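Fresh page in the notebook today. I wanted to look up a few things in this structure and jot them down as I went.

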Amino acid sequence: MIVELAACAADVRSQAACLLQEAFPQAYARTAREEVDKVTASPCIALGVMRGDELLGMVSARPQYGVTAWELHPLAVKVSLRGRGIGRTLVSELERRVALLGGVTLYLGCDDERGETSLGGVDLYDDLPGRIAAARAWGSHPMPFYRKLGYQIVGVLPDANGSGKPDILMAKRLDA
Ligand SMILES: CC(C)(COP(=O)(O)OP(=O)(O)OC[C@H]1O[C@@H](n2cnc3c(N)ncnc32)[C@H](O)[C@@H]1OP(=O)(O)O)[C@@H](O)C(=O)NCCC(=O)NCCS
């Protein structure tokens, strides 16, 4: 069942914080609760997939250009339950709700800090268009997941996380 995290009890919000810590240990080791508070506050949308009392995954988005372009962040599915369609379910429902609120574009940044894509560890100022056209990923990097859902690479911020560690911007046009 899909729920709005803003309307959920404290226990579910605690599970959301644990999910973020599990999925992004470096980013949210100490700040997961604050992040859950942020993404469940207006004007953000935050959704969760529940099985009984258990939160299996979560996603959020925030409007960034009026209501037309929204940034998806964060998205996390329990490690033990990945590959079962939960991520797709969350993003599809998020897209539907964002479109209803006037969203035309949903976009996200998927950093490559561990050399898990062909855009990491190279000089992106050398033939950036060619490198974007040939981009691929391996390991657990989410680029292939987003591509399966129709997202395209629309830009790259070279060295965003340090030399050779770019942020990869992906976006999708939403159905009206
Ligand atoms: C990315 C993430 C949310 C995907 O969730 P998920 O529930 O495992 O994904 P789904 O099962 O819905 O996958 C949908 C499709 O993408 C594919 N896919 C998912 N992750 C993939 C990966 N890393 N590489 C290649 N394909 C992948 C699935 O095989 C599936 O393909 P199919 O429709 O042909 O069967 C999950 O792996 C996760 O929580 N990762 C850690 C946090 C993270 O990276 N978040 C995104 C930050 S930008």
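**Entry 1: the ligand shell.** I started with residue classes: the shell around the ligand holds 10 nonpolar residues, along with four polar and four charged ones. The model is a predicted one, and I kept that in mind throughout. Next I asked which residues come nearest to the ligand. Of the 18 around the ligand, the answer is R82, G87, R88, P144 and F145. I then looked up which elements supply the shell, and found at least two residues each from β4, α4 (86–100), β5 (105–111) and α6 (143–148).

**Entry 2: following β4 back.** Since β4 turned up in the shell, I looked at its pairing. Strand β4 (residues 69–77) runs antiparallel to β3, and seven bridges join the two. I picked out one pair across them: M58 stands opposite A76 in β4. The two strands form a hairpin with three residues between them, and in that turn I found G66 with a positive phi of about 60°.

**Entry 3: the other side of the pairing list.** I moved on to β2 (residues 45–51), which pairs with β3 (residues 54–65) in the antiparallel sense, over seven bridges. Here I noted I45 opposite A61 in β3. This hairpin has two residues between its strands, and G52 takes a positive phi near 65°.

**Entry 4: a look at L5.** I found L5 in the loop between β1 (2–4) and α1 (10–23). Is L5 buried or exposed? I counted 22 C-beta neighbours inside 10 Å; the cut-off for buried is 20 or more, so L5 counts as buried. Leaving aside neighbours within four places in sequence, I listed the contacts of L5: V12, R13, A16, T40, A46, L47, G48 and M58. M58 I had already met, opposite A76. For L47 I also checked the C-alpha separation from L5, which is 5.5 Å although the two are 42 residues apart along the chain.

**Entry 5: stepping back to the whole chain.** I counted six helices and seven strands, in the order β-α-α-α-β-β-β-α-β-α-α-β-β along the sequence. The radius of gyration is 16 Å, close to the 16 Å that the globule rule gives for 176 residues, so the chain is as compact as a globular protein of that length. I noted that the C-alpha trace spans about 50 × 35 × 30 Å along its principal axes. Of the 176 residues, 30% count as buried. Last, I looked at contacts with a separation of 6 or more: residues 24 or more positions apart account for 55% of them.

Key:
Residues are numbered from 1 along each chain as its sequence is written. This is a predicted model: local features need pLDDT of at least 70, side-chain atom pairs count only at pLDDT 80 or more; totals for chains, interfaces and linings use all residues. Two strands pair if DSSP finds at least two bridges between them. Helices (H or I, at least four residues) and strands (E, at least two) are DSSP runs, numbered from the N terminus. A residue is near a molecule or strand if its C-beta atom, placed from the backbone, lies within 6 Å of it. Ala, Val, Leu, Ile, Met, Phe, Trp, Tyr, Cys and Pro count as nonpolar, Asp, Glu, Lys and Arg as charged, and the others, Gly among them, as polar. A residue is buried if 20 or more other C-beta atoms lie within 10 Å of its own, exposed if 12 or fewer, and partly exposed in between; C-beta atoms are placed from the backbone. Two residues are in contact if their C-beta atoms, placed from the backbone, lie within 7 Å. The radius of gyration is taken over C-alpha atoms; the globule rule is 2.2 Å times the number of residues to the power 0.38.
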